[in-house]
Amino acid sequence: MVKLLKNNIVSGSSGELLKHFTLSVSKQTRKFHSTIPQYKPTPLIDLKQPAEEFGVDKLWVKDESHRMGLKAFKILGGSYAITNIIYDKLGLDKSELSFKKLLEKDLSRFTFVTATDGNHGRGVAWTANQLGCKSFVFMPNTSSRARINNIKEFATNVFIVDGNYDFASEKAEEFAKKENAILVQDSSWDGYEEIPLIIMQGYLSLIDEIYEQLEGNNLTHIFLHCGVGSMPAAIEAYLVNRFGKNKPKTIIVEPNKADCFYRSTETGDGKPHIIDGKLDSIMAGLSCGTPSKLAWDIISQHSNYFISCNDEIAKIGMKELAKQNIISGESGAVSYGILKYASEEGKSIFDKLKIDNDSKIMLISTEGDTDPMIYNSIVGRSGTSP
Ligand SMILES: Cc1ncc(COP(=O)(O)O)c(C=O)c1O
């Protein structure tokens, strides 16, 4: 159910990359997000009783179900990137980046394209819609009806491709080239790094909020749910910059059907490897078979552990977090599921992760009930997250 791998690789160089994820960059992104009328920090919840149950000192959950009505953190990246791109195109001064300022302009000539398994595309489509731009979103054929409809609400058009997330990504790239539109992808590859880097910086508002809400508490462990790796890499880079060797231990969590970071690390050759096929996990947001290039450079060097687990663990997490009144979706609850499983059946997992009664653990519930029907079918009641 839960496979654990300690990271032994320390190679390559991500030194240059790290400088894009400093405390001061996180302050800039947070300042930008504060100019979005719908923005406010999501709650950080101190789970006292579960901390006692798991035998740890502290357990917090950052609850992204409250993120701007979109129920996932991904909007932080898409909104930041699109605003940066438009500022560049209009030749505006980026030292005072403001979403509000763009709301006053006619931006109908801009068209954005992306591929998604749900949350990133919803963020891109929402941002484009708010700004009066066009957006085209490509999704894998395994996408659920609700997640497609979430995007149709804001996008100019949604295309369902005959293949997985990686295939959708190829199709989006082709379409953007053909239509002379702007590709806003949350993954990077050789020759496509600038925009994904800005998207990653957008995610720094999440960790900036967390440390503000921790009010001086430190962390020993942080679990990071990983798809293409952009969010976990951004947070890890920030932690390395801010805390150096004393950074909290980072644990990269993936579904076993799409555990490309776990498997790449396991090979021990220091290179990212691709997983082909259907990538069929209920953890749709984490079902990506190709590590983002930039993310790999950071994650391969700075992660302490990798965990690969099956859908049952995500379901346990969803049900258990619901008992704590946290609405957490399939890709949001898996870390909590790991802790619950480890506390009951897999105690050696705690030993390997060096989790004990002094541990102060951060989980990020990265999405709420982004598909309410699936949520209901697993948890047995509907979510109520806004
Ligand atoms: C809910 C959720 N959690 C985590 C992730 C992983 O983020 P990344 O793909 O940047 O690794 C995603 C990605 O879409 C997601 O939707």
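Trainee: What makes a backbone N or O atom of Met231 and an oxygen atom of the ligand a polar contact?

Mentor: The two atoms lie 2.9 Å apart. A polar contact is a pair of N or O atoms within 3.5 Å, so this pair qualifies. By the same cut-off, the ligand oxygen 2.8 Å from a polar backbone atom of Gly227 counts, and so does the one 3.3 Å from a backbone N or O atom of Gly285. The protein covers 99% of the 390 Å² of accessible area that the ligand has on its own (Shrake-Rupley method, 1.4 Å probe).

The model is predicted: local features need pLDDT of at least 70, side-chain atom pairs need 80 or more, and totals for chains, interfaces and linings use all residues. Residues are numbered from 1 along each chain, and side-chain values use heavy atoms, without hydrogens or water.

Trainee: Why is the ligand said to sit in the largest cavity?

Mentor: Sitting there means that more than half of the ligand's atoms lie within 2 Å of the cavity's grid points. A cavity is a set of points, on a 1 Å grid over the protein atoms alone, where a 1.4 Å probe fits but cannot get out. The ligand therefore meets that criterion for the largest cavity.

Trainee: Why is the pair of Asp369 and Lys71 called a salt bridge?

Mentor: Their N to O distance is 3.1 Å. A salt bridge needs a side-chain nitrogen of Lys or Arg within 4 Å of a carboxyl oxygen of Asp or Glu, so the pair qualifies. The pair ties together parts that are 298 residues apart in sequence.

Note on methods
A polar contact is a pair of N or O atoms within 3.5 Å; within protein, one must be able to donate a hydrogen and the other to accept it, and residues adjacent in sequence count only if both atoms are side-chain atoms. On a 1 Å grid over the protein atoms alone, a cavity is a set of points where a 1.4 Å probe fits but cannot get out, and a pocket is an open set with protein on both sides within 12 Å along at least five of seven lines; lining residues have an atom within 4 Å of a point. Helices (H or I, at least four residues) and strands (E, at least two) are DSSP runs, numbered from the N terminus.
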